[in-house]
Amino acid sequence: MYGISVYPNKSSVKECINYIDRAAELGYSRLFTSLLELNDDQEAILNKFNEVLLHAHEKGMWVSLDVNPGLFDSLNVSYNDLSFFKELGADIVRLDSNFDGMPESIMTYNPEDLSIEVNISNDTGNLANIFSYSPNKEKIIGCHNFYPQRYTGLDTDYFLETTRKYHDMGIRTAAFVSSNAGEIGPHPYNAGLPTLEIHRNLPIEKQAQYLINTQLIDDVIIGNAFASDDELAKIAKLDSQVPQFFVEFTPTATALEKEIVLENLHFNRGDINSYAVRSTFVKLKYNKQDLPVNNPVDQLKPGMITIGNNDFDQYKGELNIVKQEMDNSDHLKNVVAQIVPSDLQFIDFIKPWDKFKFIDLSNY
């Protein structure tokens, strides 16, 4: 699922609604916003939030509202009664910081049917603490932070380790990417709003692709407003359910070879090895097609996409992603494409039986 963020305390209602409409047309179905920066004129600002969030509902969006214990106090809201947030237009109450476990547990039984979203960027054992109070587990989801200050975003190893804990528990997960056109966030200082530091200033589709390819993140949300039309469209083109690799085809690649690469859902064999990711079932579809020897490079390099040619007997039509150098002096494998350098890191994310797709960089 893809999502956007709006900040009605920083933008006009018209701007927010226009942005929601543009995103909804492209299939975006989550909306994030934050109440953490409310000023003294609370009534007027809350009225703006209400108008914007209700419009998001009309567009079929699932709305997340960022709050913390201090906000509960300032709004005179009790964790025993979340009707205020429901009436405001929320479907999800995101807890930016923790209570002590029992309040979160009680909130999961709210009669308003709100989901309770925990902060999964702080690996503090908070979820285990909440679970010790017997919550309604079906109402607990998780979302990472975003980081406005440069050099404060999460490191990749920490991100993967922490997210995997929640993912393996069956918790729905979300993380943020950052628009390079957007300048608005919930806080005064904003140098982008990614979850991962390595994503700051990267093209937005590469940020989203990374989160998807980890296979640990269910929802990718653009943290700042307003992303450009081009950025919205580029993310929308990505399949949020399947890892994808951008590739550049060799000049000699045939139409049939391109079809094998681009027009099939590939999956890795279960009996993996360190030399190649093997998509073998495509050969059943193409083993009667003519696949003559074509660009049979003698030495295969990591990231090359190969297809078994007519001379390869029962392996004709099999597609491989090369993981380490291999000899191909027998010319049984045609080199048809190369994974772009920035995507080589994703090869190791592909585990046994994992599905994956390719995207032609020239057409993106």
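**View 1. Here we zoom in on His-199, which sits in the loop linking strand 7 (172-177) with helix 8 (204-214).** Keep in mind, for this view and the others, that you are looking at a predicted model. Is His-199 buried or exposed? Its relative accessible area is 1%, and buried means under 20%, so His-199 counts as buried. Which residues does His-199 touch, if we skip those up to four places away in sequence? They are Pro-194, Gln-207, Tyr-210 and Leu-211.

**View 2. Now slide over to Val-177, a residue of strand 7.** With a relative accessibility of 0%, Val-177 is another residue that counts as buried. Along the chain, Val-177 and His-199 are 22 residues apart, yet 7.3 Å separates their C-alpha atoms. Leave out the neighbours within four places in sequence, and Val-177 still has a long list of contacts. Among them are Leu-193, Pro-194, Ile-204, Gln-207, Ala-208 and Leu-211. The list also includes Val-220, Ile-221, Ile-222, Gly-223 and Ile-235. Pro-194, Gln-207 and Leu-211 may ring a bell, since His-199 touches them too.

**View 3. This one shows helix 7 (residues 156-168) meeting helix 8.** The two helix axes come within 12 Å and cross at roughly 45 degrees. Why are helix 7 and helix 8 called oblique to each other? An angle of roughly 45 degrees is not under 35, where roughly parallel would apply, and it falls short of the 65 to 115 range for roughly perpendicular, so oblique is the word that fits. The crossing of helix 7 and helix 8 is right-handed. Look for Thr-156, Phe-159 and Leu-160 on the helix 7 side. Across from them, helix 8 brings Tyr-210, Leu-211 and Thr-214. Sort the residues of this contact by class and you get four nonpolar, two polar and no charged. Tyr-210 and Leu-211 are also on the list of residues that His-199 touches.

**View 4. Let's step back to the closed barrel, whose eight strands run in the order 1-2-3-4-5-6-7-8.** The pairing around the barrel is parallel. From one strand to the next, the twist averages 25 degrees. One place to check this pairing is strand 4 (residues 92-95) with strand 5 (residues 115-119), which are joined in the parallel sense by four bridges. Here Val-93 stands opposite Ile-116 of strand 5. Helix 7 packs on the sheet and touches strand 5 and strand 7, with a direction at about 150 degrees to that of strand 7. Helix 9 (residues 229-237) packs on the sheet as well, touching strand 1 (2-5), strand 7 and strand 8 (219-222). The direction of helix 9 makes about 155 degrees with that of strand 1.

**View 5. Next up is strand 3 (residues 62-67), with a partner on either side.** How many of the six residues of strand 3 are buried? Five are, so strand 3 is largely enclosed by the rest of the structure. Five bridges tie strand 3 to strand 2 (residues 30-34), and the two pair in the parallel sense. In that pairing, Phe-32 stands opposite Ser-64 of strand 3. Strand 3 also pairs with strand 4, again in the parallel sense, over four bridges. To spot this pairing, find Val-67 and its bridge partner Leu-95 in strand 4. While you are following a strand, remember that side chains in a regular strand alternate between the two faces of the sheet.

**View 6. Here helix 1 (residues 13-25) packs against helix 2 (residues 42-58).** Their axes are 10 Å apart, at an angle of about 15 degrees. That angle makes helix 1 roughly parallel to helix 2. Helix 1 passes helix 2 in a right-handed crossing. From helix 1 come Val-13, Cys-16, Ile-17, Ile-20 and Asp-21, which meet Lys-48, Glu-51, Val-52, His-55 and Ala-56 of helix 2. By class, this contact has six nonpolar, one polar and three charged residues.

**View 7. We finish with an open sheet of seven strands, in the order 10-17-9-16-13-14-11.** The pairing in this sheet is mixed. Which strands are at the edges? Strand 10 (266-267) and strand 11 (276-279) are, each pairing on one side only. Strand 13 (residues 304-308) and strand 14 (residues 319-322) run antiparallel, joined by three bridges. One pair to look for is Ile-305 with its bridge partner Ile-321 in strand 14.

Methods: Residues are numbered from 1 along each chain as its sequence is written. This is a predicted model: local features need pLDDT of at least 70, side-chain atom pairs count only at pLDDT 80 or more; totals for chains, interfaces and linings use all residues. Side-chain values use heavy atoms; hydrogens and water are left out. Two strands pair if DSSP finds at least two bridges between them. Buried means under 20% relative accessible area, exposed over 50%, partly exposed in between (1.4 Å probe, protein chains only). Contact means heavy atoms within 4.5 Å. Axes are lines fitted to C-alpha atoms, for helices over the stretch in contact, and angles run from 0 to 180 degrees between N-to-C directions. Angles under 35 degrees count as roughly parallel, over 145 as roughly antiparallel, 65 to 115 as roughly perpendicular and the rest as oblique. A crossing is left-handed if the near helix is turned anticlockwise from the far one by less than a right angle, and right-handed if clockwise. Ala, Val, Leu, Ile, Met, Phe, Trp, Tyr, Cys and Pro count as nonpolar, Asp, Glu, Lys and Arg as charged, and the others, Gly among them, as polar.
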